[in-house]
Amino acid sequence: MQQTPDSANPFQDPIRFERRIPPCSVLIFGANGDLTMRKLLPALYRLAYERKLPPGFSIVGNSRTALTHEQFREKMRVSVEKFIENSPFDAQLWEDFARGIYYVPGDLSDPAFYLALKKQLEEIEKERGTGGNVLFYLSTQPSFYASVVEHIGASGLANHEGGGWRRVVIEKPFGHDQASAQELNSRISKVLPESDVYRIDHYLGKETVQNVLAFRFGNTIFEPLWNRQYISHVQVTAAESIGVEGRGAYYQEAGALRDMIQNHLLQVMATVTMEAPPYFGSDAVRDERAKLLRSIKILKTEEVDQHAVKGQYGPARVGNENLLGFRQEPGVSPEAQTDTYAAVTFFVDNWRWAGVPFYVRTGKRMPKRVTDIAIRFRKAPLALFSSMPGAEDSPLAAPNLLILRIQPDEGISLRFQSKDPAGGGMKLRPVSMDFNYGSSFGTRTPSAYETLLLDALAGDSTLYTRQDMVEASWRAVEPILNHWNNTKFDFPNYAAGSWGPKASDDMLARRGHEWRIP
């Protein structure tokens, strides 16, 4: 990864702009799981469809299930046909693509299995010319992360005599608290340097999140307003309409704060609020994101109840459907204290953002699936039209609002005041200007996993999370987790299909704000 500015253009990192992927293999641990079938293989197939993968590109799958190469290829073909989004399935392309798919069954705790992997990779290198370059993808239970990497090191898989690169992609969660994250990193760093460790956060691969950087630093319109003087507050929302979908046992241990806010949403918040990097390179961008995360005010125990709300959905009837409460979901204890909803007010202690509240919320069983960032600007300093007809629609009542839509419809919307031409007088009405990826560019938006896999193969870690960022995120949420773990809550406190507990509305009301309904 080139970490210094390109001589021709000091603001561009060549890796992100040239996209020259060398011959290589991807080795997926846990390849029989949902992530591989729903996300990874469809993403890799789509990259092949767009001719973005190099000749000889190969995939090695692994799980404990005994399968032949052909059986695994057929299973992956079915998955790709089923889960590929907005793309055609080309049978001839699949035949060419599938020739580079292999399978090695084995137990992740068995040293002999890693020797079998090494032999398979050596054969692929000779037959398909992959140059010894391998991307290891850990799509396993988090408890296996450290031991798998240690076995990779012990078996000699972490290095290649011919100079080929070896990198590892690790799915979240990266630890369950700050101490476990530090221990995990300590074990991994004994095998691979930080530059070869890619902690994936698929939210950072979403097009709108990436576009935040272009929106802010590629234009001069908004950046002068991007500070405490002009912005009243920011809301980050990640709402899901579904429940735990059969993952009750896992979710009971994780909860919304750990599952979404500690990683995804704090990374999104950091991207929105970070300072401009000196150039567009991996370390430069991540340095600024890390600095922002370290600037988040750490709550004291006595402040948690004022700045954080824990919720859990209960049963409700929505339309013609009876929805279960979390405690009625399979695998969940009837006395579970798990947060299926979490809302936190964060503050950033730096000159740009001092005093600006960042309201971050996420929840299961909400009215709709939506993820967005709403930036609410301050009211006009002088209410010129407050005595005019339609004063309720003045900037005092409807300040400017910038919405960055992450999903499901990626785009940007800006609301501002305009004179209503109907009737007489100076009556104002809010209007919106909308930018939508699909209609503006007329091209398909790549999935987050397509973007992130291509980055890892290119050696570009810009959109991946670094260890210091992981630790800073855990520091920001640990006081909340610790307080919640020592407090018994009267659950459920919001109905399935609603926007969350009343205490969340009260948290904003104390500052004269209210949640925006997406």
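**Questions about a predicted model**

Biologist: Why does Val26 count as buried?

Modeller: Val26 has 1% relative accessibility, and buried means under 20% relative accessible area (exposed is over 50%, partly exposed in between; 1.4 Å probe, protein chains only), so Val26 counts as buried. This is a predicted model, where local features need pLDDT of at least 70 and side-chain atom pairs count only at pLDDT 80 or more, while totals for chains, interfaces and linings use all residues. Residues are numbered from 1 along each chain as its sequence is written, and side-chain values use heavy atoms, leaving out hydrogens and water.

Biologist: Where is Val26 placed?

Modeller: Val26 is in strand E1, residues 25–29 (strands, E, are DSSP runs of at least two residues, and helices, H or I, of at least four, numbered from the N terminus). Val26 and Arg167 are 141 residues apart in sequence, with 9.6 Å between their C-alpha atoms.

Biologist: What makes Glu122 partly exposed?

Modeller: Glu122 has a relative accessible area of 40%, which lies between the two cut-offs, so Glu122 is partly exposed. Glu122 lies in helix H5, residues 111–128.

Biologist: How do you know that the size of the protein chain agrees with a compact globule?

Modeller: With 518 residues, a compact globule would have a radius of gyration near 24 Å (over C-alpha atoms; 2.2 Å times the number of residues to the power 0.38), and the protein chain has 24 Å, so the two agree. The C-alpha trace spans about 80 × 60 × 45 Å along its principal axes. Of the 518 residues, 54% count as buried.

Biologist: How many helices and strands does the protein chain have?

Modeller: The protein chain has 16 helices and 18 strands.
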